[in-house]
Amino acid sequence: MEKIVSLCKRRGFIFQGSEIYGGLANTWDYGPYGTELKRNIKEAWWQANVRGRADMVGLDAAILMHPKVWEASGHTQNFSDLSVDCRNCKKRWRADHIQGKCPECGSQDLTEARIFNLMYKTYQGPVEDAANLVYLRPETAQGIFVNFLNIVDVSRKKLPFGIAQIGKSFRNEITPGNITFRTREFEQMEIEYFVRPEESKKYYEYWVQERYDWYLRLGMKKENLRLRPHDQGELAHYAKACSDIEYQFPFGWSELEGIANRGDFDLVQHSKFSGKELSYFDTNTKEKIVPYVIEPSGGVDRAALAFLVDAYYEEKVKDETRVVLKFSKELAPTKAAVLPLLKNRPEIVELAKKIYQDLRGSFACVYDDTAAIGKLYRRQDEVGTLFCLTVDVQSLEDKQVTVRDRDTMLQERISVDKLKEYFNNKLH
Ligand SMILES: [Zn+2]
């Protein structure tokens with residue numbers, strides 16, 4: 001894991017948040033390559049789950065919501081951990097994570113366990129009093145439930161249909177950790193898929209499989225991915241069934257995504273608290289239905305970290321270690337790098353820059369002439385760039401460039417005017 005964290009920083013995937021001020025604990029900033037990686041993950045998710053389907057629409061709800069939302073959802077009452085404080089070193093711990101002894105200093109002088117709500121509080125408007133208290137949402141899902149009627153109205157979707165959303169959520173975890181795996185601010189990709197109650201088991205099973213396959217389709221190794229159905233004792237009281245998709249991180253098997261059959265709990269609760277009837281009218285059978293909902297809920301940051309870990313390879317090439325991130329073509333932050341073999345030959349640099357300008361409108365590519373070719377290749381391998389194009393002396397005569405494949409390191413000569421077509425075939 002240390003190797004990956006160090007690569008992330010060295011190559012601009014992930015930085016410590018507020019680093020020049022000594023850092024703010026548990027905050028991380030995505031650098032240029034990390035930003036592209038995350039964006040590609042979200043694009044792939046949106047394409048698979050929204051644009052590529054006839055039964056799904058998107059939503060982008062506000063982070064701040066009416067406080068009653070969280071009463072209805074149960075978060076005000078129940079979204080909490082039991083915490084204990086060490087009187088000696090002042091650290092706070094989750095009561096279920098320690099056994100009567102502070103893991104930091106070993107002291108047994110601990111406070112009684114206290115209930116600690118995990119929602120971030122803030123105030124709406126200039127007056128900081130209880131009447132203006134609002135929360136940063138701890139999940140994106142509730143934005144979907146409170147918009148259920150709006151979306152049924154405007155989308156005219158028939159059951160079964162889904163609403164998808166990507167956005168930031170906040171949980172004031174007592175013990176976050178493992179770089180971006182557990183952070184207090186994080187990004188979710190959530191679907192609420194509304195179905196007839198009698199069909200909920202079928203669609204639950206469908207979504208478990210569909211979401212599991214999505215990670216495989218994006219190149220994740222099957223041996224590092226597993227499904228773990230929750231046993232009865234683990235289920236939330238309203239949930240009919242739940243499964244986690246777990247990834248084998250260097251720190252152990254950990255959850256990437258949960259898929260739950262939540263029954264009609266959320267719509268019923270919001271009907272009760274809002275006084276609005278959240279139901280669906282079937283125009284064929286003339287019956288009113290409160291749909292059940294299947295919720296696939298994944299983390300963007302966790303997915304990004306898992307794809308990074310999964311793509312990491314060290315290979316021996318001519319007695320040297322080659323570090324390479326073998327991202328799939330969809331996820332690779334950069335698809336191609338244009339590299340002039342000799343930067344002191346103006347004609348070569350000019351041709352390389354022209355190729356770069358021609359290509360960058362079609363897909364993510366970079367131009368780099370700041371080192372010798374061997375070093376340029378190594379840099380691109382470390383960020384997972386799929387292809388390197390080298391412009392050399394011969395290119396000036398035959399109007400061809402060398403294209404090197406990241407994974408095989410095989411090279412072929414491609415005519416400059418065929419490059420767009422070449423990449424069209426390779427990338428789609
Ligand atoms: Zn202590």
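The C-alpha centres of domain 1 and domain 2 lie 38 Å apart. Domain 1 covers 2-64 + 126-308, and domain 2 covers 334-427. Those bounds come from an automatic or database domain assignment.

A word on the source. This is a predicted model, where local features need pLDDT of at least 70 and side-chain atom pairs count only at pLDDT 80 or more, while totals for chains, interfaces and linings use all residues. Residues are numbered from 1 along each chain as its sequence is written.

Now the seven-stranded sheet. It is open, its pairing is mixed, and the order is 3-9-10-16-13-12-11. Two terms here. Helices (H or I, at least four residues) and strands (E, at least two) are DSSP runs, numbered from the N terminus. Strands pair if DSSP finds at least two bridges between them.

Which strands stand at the edges? Strand 3 (56-59) and strand 11 (225-229) do. Each has a single partner strand, so one side of each is left without a neighbour in the sheet. On average, neighbouring strands of this sheet are turned by 25 degrees against each other, direction ignored.

Look at one pair inside that sheet. Strand 13, residues 252-261, runs antiparallel to strand 16, residues 292-299, and five bridges join them. I259 has P296 in strand 16 as its bridge partner.

Next, helix 2, residues 32-51. Helix 2 packs on this sheet and touches strand 3, strand 9 (161-170) and strand 10 (185-195). Contact is counted when C-beta atoms, placed from the backbone, lie within 7 Å. The direction of helix 2 makes about 140 degrees with that of strand 3. Axes are lines fitted to C-alpha atoms, for helices over the stretch in contact, and angles run from 0 to 180 degrees between N-to-C directions.

Helix 2 also meets helix 9, residues 300-311. Their axes come within 10 Å and cross at roughly 110 degrees. That makes helix 2 roughly perpendicular to helix 9. For the cut-offs: under 35 degrees is roughly parallel, over 145 roughly antiparallel, 65 to 115 roughly perpendicular, and the rest oblique.

Who touches whom? On the helix 2 side we have L37, K38, I41 and K42, and on the helix 9 side V300, A303, A304 and F307. By class, this contact has six nonpolar, no polar and two charged residues. Nonpolar means Ala, Val, Leu, Ile, Met, Phe, Trp, Tyr, Cys and Pro; charged means Asp, Glu, Lys and Arg; the others, Gly among them, are polar.

On to the five-stranded sheet. This one is open too, with mixed pairing and the order 20-19-21-22-23. Strand 20 (365-367) and strand 23 (411-415) stand at its edges, each with a single partner strand, so one side of each lacks a neighbour in the sheet. The twist averages 25 degrees from one strand to the next.

Strand 21, residues 387-391, pairs with strand 22, residues 400-405, in the antiparallel sense over four bridges. T390 stands opposite T402 in strand 22. Helix 10, residues 346-360, lies across strand 19 (336-340), strand 20, strand 21 and strand 22. Helix 10 runs at about 165 degrees to strand 19.

Last, two backbone details. The peptide bond from L159 to P160 is cis, with omega near -5 degrees. P160 lies in the loop between helix 6 (148-155) and strand 9. K90 has phi near 70 degrees, a positive value in a residue other than glycine. K90 lies in the loop between strand 4 (80-85) and strand 5 (92-94).

Terms used
Two residues are in contact if their C-beta atoms, placed from the backbone, lie within 7 Å.
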